[in-house]
Amino acid sequence: MENCLFCKIVSKDIPSEIVFENDELLAFKDISPAAPVHILIIPKVHINSPIEINSSNSAVAGRIIALAADIAKEKGLEGYRLVFNCNEIAGQTVFHLHAHLLGGRSMSWPPG
Ligand code: 5GP
Ligand code: ZN
């Protein structure tokens, strides 16, 4: 999608530090890490936000969660947090579906 930051990262028009890539998904380091490990996992196709996940496109969401588990294992994380911010009120700033994989430090709950 035109003018979407993460679509430009998918097309490599904007560089990123890629951690994993296949035909469907891209994982890359967050430019402003909130934890020692902070990786964004996105579908290559443009989906605005988790609010658009439904029974016809939910398989990709499952594969995002599975990829997060693989990356966490590879990085030796004892535990991690997987966050999907949904809409501005919940902190979403980039409107292309993404999971934040956060780890490498202890975390409190509830979040702010
Ligand atoms: P959101 O707030 O929408 O859930 O998360 C967007 C994330 O994208 C933020 O954590 C922000 O640091 C990250 N981000 C914004 N611009 C860029 C960029 O150009 N490159 C990378 N790698 N991450 C970005
Ligand atoms: Zn996009």
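# Zinc site, ligand pocket and salt bridges

Lys12 has a relative accessible area of 46%, so this residue counts as partly exposed. The model is predicted. It holds a zinc ion (ligand 2) coordinated by Cys4, Cys7, His46 and His96, and a second ligand, ligand 1, with 16 residues around it. Across the whole structure, a search finds 4 salt bridges.

## Zinc site

- The donor atoms for the zinc ion (ligand 2) are SG of Cys4, SG of Cys7, ND1 of His46 and ND1 of His96, at 2.1 to 2.3 Å.
- Angles subtended by the 4 donor atoms around the zinc ion (ligand 2) run from 106 to 116°, and the arrangement is therefore tetrahedral. The criterion for four donors is that all angles lie between 85 and 135 degrees. The ideal angle for four tetrahedral donors is 109.5 degrees.
- Along the sequence, the donor residues of the zinc ion (ligand 2) follow the spacing C-x2-C-x38-H-x49-H.
- Cys4 sits in the segment before α1 (5–10), and His96 in the loop between β4 (80–83) and β5 (99–103), so this pair ties together parts 92 residues apart in sequence.
- Cys4 and His96 are both buried.

## Ligand 1

- Asp30, Asn85, Gly91, Thr93 and His100 come nearest to ligand 1 among the 16 residues around it.
- In the side chain of Asp30, an N or O atom is 2.5 Å from an oxygen atom of ligand 1.
- In the side chain of His98, an N or O atom is 2.8 Å from an oxygen atom of ligand 1.
- Gly91 contributes through its backbone: one of its polar backbone atoms is 2.8 Å from an oxygen atom of ligand 1.
- Ligand 1 exposes 520 Å² when taken alone, and the protein buries 82% of that.

## Salt bridges

- Lys12 and Glu21 meet through their side chains in a salt bridge, with an N to O distance of 3.2 Å. Glu21 has a relative accessibility of 36%, so Glu21 is classed as partly exposed.
- Glu21 also takes part in a salt bridge with Lys44, where the closest N and O atoms are 2.8 Å apart. Lys44 is in the loop between β3 (37–43) and α2 (58–74) while Glu21 is in strand β1, so the pair ties together parts that are 23 residues apart in sequence.
- Because salt bridges share partners here, Lys12, Glu21 and Lys44 are joined into one network. Lys44 is partly exposed, because its relative accessible area is 21%. The lower limit of that class is 20%.
- Glu17 forms a salt bridge with Lys29, and the closest N and O atoms are 3.5 Å apart. Lys29 belongs to strand β2 (residues 25–29) and Glu17 to the loop between α1 and β1 (18–21), so the pair ties together parts that are 12 residues apart in sequence.
- The two partners fall in separate exposure classes: Lys29 is partly exposed at a relative accessible area of 41%, whereas Glu17 is exposed at 52% relative accessibility. The class boundary concerned is 50%.

## Backbone geometry

- Most residues other than glycine have a negative phi, and most peptide bonds are trans.
- Lys12, which is not a glycine, has a positive phi of about 70°. This residue lies in the loop between α1 and β1.
- Asn87 also has a positive phi, near 75°, and is a residue other than glycine. Asn87 is placed in the loop between β4 and β5. Its relative accessible area is 31%, so Asn87 is partly exposed.
- The peptide bond that joins Trp109 and Pro110 is cis, with omega about 5°. Pro110 falls in the segment after β5.

## Tyr80 and Leu102

- Tyr80 belongs to strand β4. With a relative accessibility of 38%, Tyr80 counts as partly exposed.
- Between Tyr80 and Leu102 the C-alpha to C-alpha distance is 5.6 Å, while the two residues are 22 residues apart in sequence.

Technical notes:
Residues numbered from 1 in each chain as written. Chains lettered and ligands numbered in written order. Predicted model: local features only at pLDDT ≥ 70, side-chain atom pairs only at ≥ 80, totals over all residues. Heavy atoms only, no water. Donors = N, O, S within 2.8 Å, 3.2 Å for Na, K, Ca; no water. Tetrahedral: all angles 85-135°; square planar, octahedral: opposite > 155°, others 65-115°. Helix = DSSP H or I, 4+ residues; strand = E, 2+ residues; numbered from the N terminus. Buried < 20%, exposed > 50% of the residue type's maximum accessible area, 1.4 Å probe, protein only. Near = heavy atom within 4 Å. Polar contact = N/O pair within 3.5 Å; in protein donor to acceptor, adjacent residues only side chain to side chain. Areas by Shrake-Rupley, 256 points an atom, 1.4 Å probe, with all protein chains shown as cover.
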